[in-house]
Amino acid sequence: MPQIQYATTTPQTLEAFRNRPCSLPYFDTDFVMPSPEEVRALRNSMGLSQTKMAQLVGVSWNKKGSNTIRKWETPVGEENHRSISYGVWRLMLAIAGIVDPQDDVVKVRELH
């Protein structure tokens, strides 16, 4: 499993996510899981509330938001923090237009 290594600066635009280690495919040796700040920054850059993001990625939500997404965005080390799964993170990146899952298929087929 890729090592969790968080970036020191948080991207402010969707374009800024394109070259970040958290936007690489899982099988890339430079991939790192996103920080809670990156999860929040991506959602905010997409202009989506926690509720709308939860509806898109298929996790629980109510009119006040989503406990699941709140936990993904809680700083590491705090009691309620939970790591986002790679699959959901990749879905968020695809919805945002940052990655194309078909490119991942082509790349993984090229692996030895």
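1. R18 is a good place to start: this residue is partly exposed, with a relative accessible area of 36%. Please keep in mind that the model is predicted. The side chain of R18 meets that of E15 in a salt bridge, with 2.8 Å from N to O. E15 itself is exposed, its relative accessible area being 52%. That value passes the threshold because exposed means over 50%.

2. A second bridge joins R20 to E38, and here the closest N and O atoms are 2.7 Å apart. This pair ties together distant parts of the chain: R20 sits in the loop between α1 and α2, E38 belongs to helix α2, and 18 residues separate them. Are these two partners buried or exposed? Both R20 and E38 are buried, whereas E15 from the previous point is exposed.

3. Next comes R90 with D104, whose closest N and O atoms lie 2.9 Å apart in a salt bridge. Again the contact links distant parts of the chain, running from R90 in helix α5 to D104 in helix α6 (residues 101–110), 14 residues apart. R90 has 9% relative accessibility and therefore counts as buried. D104 is buried as well, with a relative accessible area of 13%. Both values fall in that class because buried means under 20%.

4. How many salt bridges does the structure hold? There are 5. Besides the pairs above, you will find R40, R43 and E73 linked in a network of salt bridges.

5. Now to the rings. Searching the whole structure turns up 4 aromatic pairs. One of them is Y26 with Y86, a tilted pair at 5.0 Å centre to centre and 55° between the planes. This pair bridges distant parts of the chain, since Y26 lies in the loop between α1 (14–17) and α2 (36–45) and Y86 in helix α5 (residues 86–95), 60 residues apart. Y26 has 35% relative accessibility, so this tyrosine counts as partly exposed. Y86 is partly exposed too, at a relative accessible area of 22%.

6. Y86 has another aromatic partner to look at: F31 and Y86 form an edge-to-face pair, 5.4 Å centre to centre with 90° between the planes. Here too distant parts of the chain are connected, F31 being in the loop between α1 and α2 and Y86 in helix α5, 55 residues apart. F31 is buried, with a relative accessible area of 2%. Why is one pair tilted and the other edge-to-face? Planes over 60 degrees apart count as edge-to-face and those under 30 as stacked, so an angle between these limits is called tilted. Taken together, Y26, F31 and Y86 make up one aromatic cluster.

7. Finally, the largest pocket, which you may want to display alongside point 3. About 200 Å³ of space lies in this pocket. Which residues lie nearest its centre? They are L24, P25, R90, D104 and K107, out of 14 lining residues. R90 and D104 are thus lining residues and also salt-bridge partners. Helix α6 supplies the largest share of the lining, 3 residues. By character, the lining divides into 7 charged, 6 nonpolar and 1 polar.

Technical notes
Residues are numbered from 1 along each chain as its sequence is written. This is a predicted model: local features need pLDDT of at least 70, side-chain atom pairs count only at pLDDT 80 or more; totals for chains, interfaces and linings use all residues. Side-chain values use heavy atoms; hydrogens and water are left out. Rings of Phe, Tyr and Trp (its six-membered ring) pair if their centres lie within 6.5 Å; planes under 30 degrees apart count as stacked, over 60 as edge-to-face and the rest as tilted. Helices (H or I, at least four residues) and strands (E, at least two) are DSSP runs, numbered from the N terminus. Buried means under 20% relative accessible area, exposed over 50%, partly exposed in between (1.4 Å probe, protein chains only). A salt bridge is a side-chain nitrogen of Lys or Arg within 4 Å of a carboxyl oxygen of Asp or Glu. On a 1 Å grid over the protein atoms alone, a cavity is a set of points where a 1.4 Å probe fits but cannot get out, and a pocket is an open set with protein on both sides within 12 Å along at least five of seven lines; lining residues have an atom within 4 Å of a point. Grid points are joined across faces, edges and corners, and a volume is the space filled by probe spheres set on the points. Ala, Val, Leu, Ile, Met, Phe, Trp, Tyr, Cys and Pro count as nonpolar, Asp, Glu, Lys and Arg as charged, and the others, Gly among them, as polar.
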